[in-house]
Amino acid sequence: MVVTWTEAVVVSHTPATPDIAVIDLAPGEGAEFPAYTAGAHVDVLTASGLVRQYSLCGPPETGRYRLAVLNEPQSRGGSREMHALRVSDRLRISAPRNRFPLVTAQRHLLFAGGIGITPILAMLRQLEYEGGDFTLHYCARSRDRAAFVTELQGNPRVALHFDDEEPGQRLDVARDLGDPRPDTAVYVCGPGGFMDHVLGEAEALGWPPQSLHKERFAKQDPAGAPDTAGSDGGFTVRLASTGAEYAVPEGRGVLDVLLENGIDTPYSCQLGICGECVVKVLAGDPDHRDDVLTDGERAEGMFAICTSRATTPVLELDL
Ligand code: FES
C-alpha cells in the first residue's frame with residue numbers, strides 16, 4: 001500500500017450522540033498536519049491494522065483534524081476501535097485526500113444523510129467563510145441521533161429533517177432540490193439508501209450527472225465486503241507494463257489477485273469508495289461496481305480494481 005502514515009494523538013473524544021463520537025486529533029510532537037480542503041478525508045490505520053476513511057469536519061485553521069465516527073455494530077470492527085480510543089492514544093493517519101471537493105458554482109445545494117454530515121459540514125463552513133450561496137438539507141432518523149445539530153439549528157441556511165417529527169418538515173427532494181439549474185452544484189453524502197433516494201429523484205427531475213457530486217459513506221453490504229461475489233464468472237487481467245496475465249476467478253477481486261501475486265499497487269478502502277486503487281483500462285470492457293467514479297471518469301477508462309470486474313474475457317490495465 002502506497003500510503004505515508006503520520007502519527008496523530010487523540011486530544012478530545014466526546015460523544016455527539018449515543019452512537020457518534022467526535023474525535024479531535026493533533027499531530028505528534030514537532031509535526032504539523034497538512035492543510036486540507038472541504039470534503040477531504042484521511043485514512044486511519046487502527047491498532048488492529050484496519051484502514052478506514054473518515055472525512056475531516058473541523059475548522060481547518062485549528063491545526064487539528066476533527067472526525068465524527070458512527071459506531072456500526074455490523075461493521076468489521078473499525079468503528080468500534082475508534083469509539084474505544086481515549087485521550088492521549090496514538091494512531092496513524094494518511095495525508096488528506098479530496099475526491100469530494102466544492103466546485104465552482106453560483107449556488108450550492110448540500111444534502112447530508114446521517115453521518116454523511118461530516119464532509120458536508122466542512123463544506124458549509126467553507127461556503128460561509130467565502131460568503132457563498134448555499135442551503136444544507138440535513139436528514140436523520142431523529143434529532144438525538146444527529147451529530148452537530150446544536151450548532152446547525154437556527155442557521156437560516158440549514159433545513160433539518162427528522163424521520164420521527166411531523167411530516168411537513170421531512171425531506172421532499174422534488175421541493176427541496178427543485179428543477180435543474182445550470183448555476184447550481186448539488187452535493188450528496190450519506191448511507192446507500194439516502195444516496196439512492198436523493199440521486200434517483202434528482203435524475204428523475206432532470207438534473208444532469210455533472211451537477212451531482214456524491215460521496216457514499218459505506219457500501220450497503222453491512223459486513224463491508226467488496227461487491228465482487230456472484231459475478232458472471234472469471235476473467236483475465238493483463239498488466240500493460242509487463243504483459244503478465246492473472247486469472248481473476250468468480251468471487252475474487254482484481255486487487256486481491258494482484259496483491260497475492262506480489263504486484264505493488266495503491267489501495268486503501270477495498271470497498272470501492274475511496275478512489276485510491278483507480279487505474280486506467282487500456283483494453284476490454286469493465287463492469288463497474290464502485291461508488292466513487294463519476295460517469296465522466298468511467299468514460300475516460302478509469303476503473304477501481306478493488307471491486308469492479310470485466311464483461312470481456314480479458315481486461316488490460318495501465319499497470
Ligand atoms: S481501494 Fe478504495 S476504491 Fe478501491
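**Salt bridges, cores and domains**

E165 is partly exposed, because its relative accessible area of 26% falls between the 20% limit for buried and the 50% limit for exposed. This value, like those that follow, comes from a predicted model. R143 is also partly exposed, at 36%. R143 and E165 form a salt bridge, and their closest N and O atoms lie 2.9 Å apart. The bridge links distant parts of the chain, 22 residues apart. R143 sits in the loop between β8 and α3. E165 sits in the loop between β9 and α4 (173-177). Elsewhere, E7, E29 and R90 are joined into one network by salt bridges that share partners.

The structure holds 18 salt bridges. One of them pairs the side chains of R66 and D24, at 2.7 Å from N to O. R66 belongs to strand β5 (residues 65-70) and D24 to strand β2, so this pair ties together parts 42 residues apart in sequence. The two partners differ in accessibility: R66 is partly exposed, at 26%, whereas D24 is buried, at 10%. Another salt bridge joins D133 and R157, with the closest N and O atoms 3.5 Å apart. D133 is in strand β8 and R157 in the loop between α3 and β9, so parts of the chain 24 residues apart are tied together. D133 is partly exposed, with a relative accessibility of 37%. R157 is partly exposed too, at 32%.

The next topic is the nonpolar interior. In soluble globular proteins, nonpolar side chains tend to be buried together. Here the largest nonpolar core has 31 residues. Those that touch the most other members are L110, I117, I120, L136, Y138, F148 and L152. At least two core residues come from each of β2 (20-27), β7 (107-113), α2 (117-130), β8 (133-140), α3 (149-152), β9 (158-162) and β10 (184-190). Helix α2 gives the largest share, seven residues. Domain 1 (6-93) and domain 2 (107-216) each contribute at least three residues to this core. L136 shows how the parts meet. Beyond its neighbours within four places in sequence, L136 contacts L110, A112, I117, I120, L124, L152, R157, V158 and A159. A second core, separate from this one, has 21 residues, among them V237, V248, V254 and I263.

Helix α2 merits a closer look. Its 14 residues should span 20 Å at 1.5 Å a residue, and the end C-alpha atoms are 19 Å apart, which agrees. Its buried residues are I117, T118, P119, I120, L121, A122, M123, L124 and L127. G131 follows the helix, with a positive phi near 75 degrees.

Positive phi values also occur at residues that are not glycine. S88 has a phi of about 90 degrees. This residue is in the loop between α1 (78-84) and β6 (90-93). Q270 has a phi of about 60 degrees. Q270 lies in the loop between α6 (254-260) and β14 (278-283), and is partly exposed, at 32%.

The domain assignment gives domain 1 (6-93), domain 2 (107-216) and domain 3 (235-317). The centres of domain 1 and domain 3, taken over C-alpha atoms, are 29 Å apart. Five residues of domain 1 contact four residues of domain 3. Together these two domains bury about 330 Å², with 40% of that area on carbon and sulfur atoms. The number of salt bridges between domain 1 and domain 3 is zero.

Notes
Residues numbered from 1 in each chain as written. Predicted model: local features only at pLDDT ≥ 70, side-chain atom pairs only at ≥ 80, totals over all residues. Heavy atoms only, no water. Helix = DSSP H or I, 4+ residues; strand = E, 2+ residues; numbered from the N terminus. Buried < 20%, exposed > 50% of the residue type's maximum accessible area, 1.4 Å probe, protein only. Core = buried A, V, L, I, M, F, W, Y, C linked by side-chain atoms within 4.5 Å. Domains from an automatic or database assignment. Contact = heavy atoms within 4.5 Å. Expected span 1.5 Å × (residues − 1). Buried area = accessible area lost by both parts, 1.4 Å probe. Salt bridge = Lys/Arg side-chain N within 4 Å of Asp/Glu carboxyl O.
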